[in-house]
Amino acid sequence: MEQAAKKPRITTSGLKKLTRLYQYAKPYRWQFSLGLLLLFLSSSATLLFPAMLGRLVNAGMGVTAVSQINQTALILVGLLVAQATFSFFRINIFVNVTEKTLASLRQATYAHLIRLPMKFFSERRVGELNSRISADISQLQSTFTTSLAELIRQLIMIIGGIVLLLLTSWKLTVFMLAIIPVICVVAVVFGKSVRKFSKQAQGQVADSNTIVEETLQGIFNVKAFANELFEINRYKKKTDEVARTGMRVGKYQGVFASFIILGLFGAMVAVIWRGALLMASGDLLIGPLFSFVVYTGFIGGSISGLADIYSSLQKSIGATENLLEILDEPIEPIELEGGIKQPITGEVAFHNVSFRYPSRKDISVLHDINFEAQAGWQVALVGPSGAGKSTVVSLLLRFYDLEAGQITFDGQPAASFDLSDLRRQMAVVPQDVFLFGGTIRENIAYGDTSAPEAAIIDAAKKANAWDFIQGFPEGLDTVVGERGVQLSGGQRQRIAIARAVLKDPKILILDEATSALDSESERLVQDALEKLMKGRTSIVIAHRLSTIRNSDLILVMDKGTIVEGGTHEELMMKDEGLYKGLGELQFLG
Ligand SMILES: Nc1ncnc2c1ncn2[C@@H]1O[C@H](COP(=O)(O)OP(=O)(O)OP(=O)(O)O)[C@@H](O)[C@H]1O
């Protein structure tokens with residue numbers, strides 16, 4: 001569901017925030033100034049329009065020379081042409097500046113977002129972040145292209161209009177100003193409250209529909225509990241409410257319509273009446289009165305238009321606050337480019353590691369974890385669901401900060417390594433393989449985006465994936481994902497293995513798939529994994545006993561601690577051991 005746009009009150013601090021986004025527009029400030037100048041010119045041309053119309057009327061009524069008819073008409077055409085030209089360039093310039101500015105803002109927000117630590121993502125929903133990049137930026141787009149220009153135009157219309165009116169007839173202007181703005185403001189406020197009630201009515205209609213939907217879906221329960229009357233009454237109550245709100249909206253709408261007729265048109269009549277009186281006393285000519293009425297319409301429209309601009313500005317400040325919240329979050333110290341500076345051998349150890357997720361500080365997820373894996377070892381993590389196996393892996397990847405203890409690589413604290421350096425030397429083959437909507441080639445190359453074709457093919461061969469890839473008519477260029485070929489679980493796993501092969505990591509992290517593959521697929525995946533594990537440290541989250549028998553170290557976890565550790569043989573000797581128990585069940589959580 002679309003989120004309701006945030007509408008904070010407009011304050012100086014809010015406006016200041018909006019100006020913080022100015023850095024993205026700065027490169028285009030001269031273009032923008034030109035746009036503003038054109039906007040000023042086109043608005044001024046609009047402003048001259050009623051004056052010229054008045055002259056035309058004067059000439060037509062014989063108040064001024066007939067020769068003025070053609071001359072004024074020509075000036076009017078000239079004005080129109082000038083206005084059209086100014087508007088064309090102004091709109092083009094504004095759109096260009098806005099598009100370029102927003103592209104920079106989008107890119108900066110995304111580049112920042114993707115470098116934020118896992119902590120940030122575990123506390124927020126994907127939908128919410130997605131909306132910031134799309135909806136909030138689109139909101140700014142509409143403000144910068146339309147609302148800002150409108151605001152300036154309306155202000156020019158109001159101020160310029162009033163000045164011209166004062167020059168025409170100050171008496172009539174004072175009279176008009178005493179009534180028209182008040183009526184406009186009342187109309188806007190009134191209109192808003194009518195809209196609010198209509199919204200409330202819509203909400204109630206939705207509520208009553210939910211009752212129908214729920215009861216029809218759960219008709220089995222309604223009937224089984226003989227609750228027909230209960231539901232009928234529930235629905236009646238809601239629909240009666242809808243009717244009551246609807247009637248209230250109707251009353252407001254009626255009053256609003258009468259108000260517009262009496263207030264707005266009444267005010268017009270009042271102005272014309274006053275103007276006619278001035279004409280009768282020889283203080284005003286027909287042409288200027290005509291201009292006056294048109295200007296008054298312009299000014300009234302502009303005052304009413306300001307309300308929409310205000311609301312759009314409010315929404316933009318809300319959108320800016322949302323974006324700045326992301327941009328102000330500290331990012332991870334990630335090096336976007338560059339190779340490996342501090343190579344590791346693959347020796348890794350946890351020393352008294354304790355951990356809580358930042359989003360759930362009350363629960364201790366890992367407690368006093370200790371183990372050491374020498375370079376080239378295969379370490380298996382086993383234990384029931386929720387024991388903390390995946391968390392160990394997340395900490396190894398330095399996704400989160402520890403609560404206590406230390407993780408070391410080659411005897412050096414993890415913090416003494418560059419974060420990107422460490423992650424570049426690890427690879428993960430996850431349980432649920434995530435394939436990007438793209439070709440198989442792109443998906444394998446994710447392990448090393450600069451790899452040449454030969455290396456990709458070699459990786460696919462090592463991952464036992466080459467045969468099935470060749471089976472597709474488009475080979476490596478076969479599109480996978482939502483809009484492409486659907487791969488089987490085993491095939492996806494082999495793509496993920498090929499990705500890891502290409503990355504050639506020192507530490508390999510494997511999260512075994514829980515769902516069983518068919519035996520042929522299982523054999524191909526297992527064979528590829530074994531080849532991949534050779535010569536590097538591997539940390540395997542294991543669910544099947546058969547795959548970890550030969551591990552150098554098996555860590556049995558339960559409720560965030562390591563309860564047993566050793567080789568398969570050692571652990572099977574413990575009669576009361578958890579491993580032995582799990583082993584007998586052939587299912588390791
Ligand atoms: N991002 C998170 N935020 C908060 N709590 C989490 C998060 N991820 C996991 N947990 C909690 O930490 C505990 C350990 O979870 P973890 O995923 O490490 O267990 P696991 O042994 O890998 O389980 P499984 O075998 O089911 O994957 C669980 O209680 C879980 O609810």
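How many bridges join S11 to S12, and do these strands run parallel or antiparallel? In this predicted model, five bridges join S11 to S12, and the two strands run antiparallel. Within this pair, Val556 has Glu564 in S12 as its bridge partner. The two strands form a hairpin with two residues between them, and Lys559, which lies in the turn, has a positive phi of about 45°.

The hairpin belongs to an open sheet of six strands, arranged in the order S6-S9-S10-S3-S11-S12 with mixed pairing. Its edge strands are S6, which spans residues 426-429, and S12, which spans residues 561-566, and each of them pairs on one side only. On average, and with direction ignored, neighbouring strands of this sheet are turned by 20° against each other. Elsewhere in the sheet, strand S9 (residues 507-511) and strand S10 (residues 537-541) run parallel and are joined by five bridges, with Val540 in S10 serving as the bridge partner of Leu510. Helix H16, formed by residues 489-503, lies across S6 and S9 and runs at about 175° to S6.

A second open sheet consists of four strands in the order S2-S1-S4-S5, and its pairing is antiparallel. Strand S2 (366-373) and strand S5 (412-413) stand at the edges with a single partner strand each, so one side of each is left without a neighbour in the sheet. Strand S1, comprising residues 348-355, pairs with S2 in the antiparallel sense over five bridges, and the bridge partner of its residue Val348 is Ala373 in S2. S1 also pairs with S4 in the antiparallel sense, again over five bridges. Phe350 can be followed across both pairings, since this residue stands opposite Phe371 in S2 and opposite Ile407 in S4.

Helix H11, which covers residues 389-396, has contacts with both sheets. On the four-stranded sheet, H11 packs so as to touch S1, S2 and strand S4 (404-409), and its direction makes about 115° with that of S1. On the six-stranded sheet, H11 lies across strand S3 (378-382), S9, S10 and strand S11 (553-558), running at about 150° to S10.

The same helix is prominent in the surroundings of the ligand, where H11 gives the most to the shell, with three residues. In total, 14 residues surround the ligand, and the closest are Tyr357, Ser385, Lys389, Ser390 and Thr391. By class, this shell is made up of nine polar, three nonpolar and two charged residues.

At the level of the whole protein, the chain is divided into domain 1 (11-169 + 311-332), domain 2 (170-283) and domain 3 (348-585). The centres of domain 2 and domain 3, taken over C-alpha atoms, are separated by 61 Å.

The unreviewed UniProt entry places the feature "domain: ABC transmembrane type-1" at residues 34-315. Over that stretch the model is 92% helix and 0% strand, with the end C-alpha atoms 26 Å apart. The annotation "transmembrane region", likewise taken from an unreviewed UniProt entry, covers residues 30-53, 73-97, 151-168, 174-191, 254-273 and 285-307. Among these stretches, residues 174-191 are 100% helix and 0% strand in the model, and their end C-alpha atoms lie 26 Å apart. Residues 254-273 are also 100% helix and 0% strand, with 27 Å between the end C-alpha atoms.

Conventions
Residues numbered from 1 in each chain as written. Predicted model: local features only at pLDDT ≥ 70, side-chain atom pairs only at ≥ 80, totals over all residues. Near = placed C-beta within 6 Å. Nonpolar A, V, L, I, M, F, W, Y, C, P; charged D, E, K, R; others polar. Pairing = 2+ DSSP bridges. Contact = placed C-beta atoms within 7 Å. Axes fitted to C-alpha atoms, helices over the stretch in contact; angles between N-to-C directions. Domains from an automatic or database assignment. UniProt positions renumbered as here; feature names shortened; annotations may be inferred.
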